[in-house]
Amino acid sequence: HMPKGRQFDYAVINRYWEMSMFSIFRISPRLFAALSLFLVAIMVAVTGMVLSGFFRQAIIDREGKIISDLAQTLAAQELAPRDFTDFSSSDALLHFDRSFGILNDLSEVVRIKVFDLAGTIVWSDEASLINSRATRATNIHQAVAGGSTVVFYEEEETNKTLPEARDPLPPVVEFYVPIRIRETGSDKSEVAGVMALYRSSASLNATIGRGTQLVWVVTALGGGVLFASLFTLFRSVWLGRQEAESRLMRLSSEHQRIIHLEKLSATGAMVGEI
């Protein structure tokens, strides 16, 4: 919008053009590449960590759900509430063997324990552990109060489950599953105890590792595509702006030359009149 009475001047248009351009297009492509690469790298790192953590937790939760459903189904077929109070009887031992002994056939299972609500081991595939106290009572209470609990122990961690160190050494994953038993003649089931299943985490860690690698590869590829797209778009806009400025400068120079010729012509005409 030109001020009234001002002579048409391409230099004014050039100033308006420069004021209307976004400041981001005034930086060089090299600087934009460095900044965008830095931001994309941060985005890839954050996204990769979030997705990796989500994938790992999803796999663990899935394994815990499978173990929980399996243990609950087996317990409902044989166990009764009195088996947890009179666990030393032959009938109780037989019921526990029928219910949880089959879990030893699962791959990578290295220990099975069944606790009562007080944290006493009422049955185990290792008979010497029966009637021992749980040293990780917190896990038992969490399973009773909030459902299944999954605990990972990596290789560098020490085994602190029992003072005698009779439990399997890490890396292991422990599943703490509440056992709900229905009273005879009642439709309501109550938590009577907790089953703890110890499995070697070798295959689980391998699955999580492969999934995590895939997440990072896909995230990195997505970041690379995003960076290439952004840089290509910026470069095309930047080159277009450079070309437009070059054309505008040529038009401005041509306009100045025409004005100069008009001035000379007007001066010649005035001299001729004089």
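The following paragraphs walk through the fold, a helix pair, a pocket and a few individual residues of this predicted model.

Residues are numbered from 1 along each chain as its sequence is written, and side-chain values use heavy atoms, with hydrogens and water left out. Because the model is predicted, local features need pLDDT of at least 70 and side-chain atom pairs count only at pLDDT 80 or more, while totals for chains, interfaces and linings use all residues.

A good place to begin is the overall layout. The chain holds six helices and five strands, where helices (H or I, at least four residues) and strands (E, at least two) are DSSP runs numbered from the N terminus. Along the sequence these elements follow the pattern α-α-α-α-β-β-α-β-β-β-α. Of the 274 residues, 35% count as buried; buried means under 20% relative accessible area, exposed means over 50%, and partly exposed lies in between, with a 1.4 Å probe and protein chains only.

Next comes a pair of helices. Two packed helices are described by the angle between their axes and the distance between the axes. The axes of α2 and α6 (residues 202-273) come within 8 Å and cross at roughly 155 degrees. That angle makes α2 roughly antiparallel to α6. Here axes are lines fitted to C-alpha atoms, for helices over the stretch in contact, and angles run from 0 to 180 degrees between N-to-C directions; angles under 35 degrees count as roughly parallel, over 145 as roughly antiparallel, 65 to 115 as roughly perpendicular and the rest as oblique. The contact of α2 with α6 is made up of 24 nonpolar, nine polar and two charged residues. In this grouping Ala, Val, Leu, Ile, Met, Phe, Trp, Tyr, Cys and Pro are nonpolar, Asp, Glu, Lys and Arg are charged, and the others, Gly among them, are polar.

Helix α2 also takes part in the largest pocket, which encloses about 170 Å³ of space. Of the 12 residues lining this pocket, A76, L79, R180, I181 and R182 are the closest to its centre. The elements that give two or more residues to the lining are α2 (29-78) and β4 (172-182). By type, the lining divides into six nonpolar, three polar and three charged residues. A pocket is an open set of points on a 1 Å grid over the protein atoms alone, where a 1.4 Å probe fits, with protein on both sides within 12 Å along at least five of seven lines, and lining residues have an atom within 4 Å of a point. Grid points are joined across faces, edges and corners, and the volume is the space filled by probe spheres set on the points.

Strand β4 offers two further residues to look at. Y176 lies in this strand and is buried, at 2% relative accessibility. Its C-alpha atom is separated by 9.0 Å from that of V144, 32 residues away along the chain. P178, also in strand β4, is buried at 8% relative accessibility.

Finally, two loop residues stand out by their backbone. Most residues other than glycine have a negative phi. E108, in the loop between α4 (90-100) and β1 (109-116), has a positive phi near 70 degrees and is partly exposed at 27% relative accessibility. N131, in the loop between β2 (121-124) and α5 (137-146), has a positive phi near 75 degrees and is exposed at 53%.
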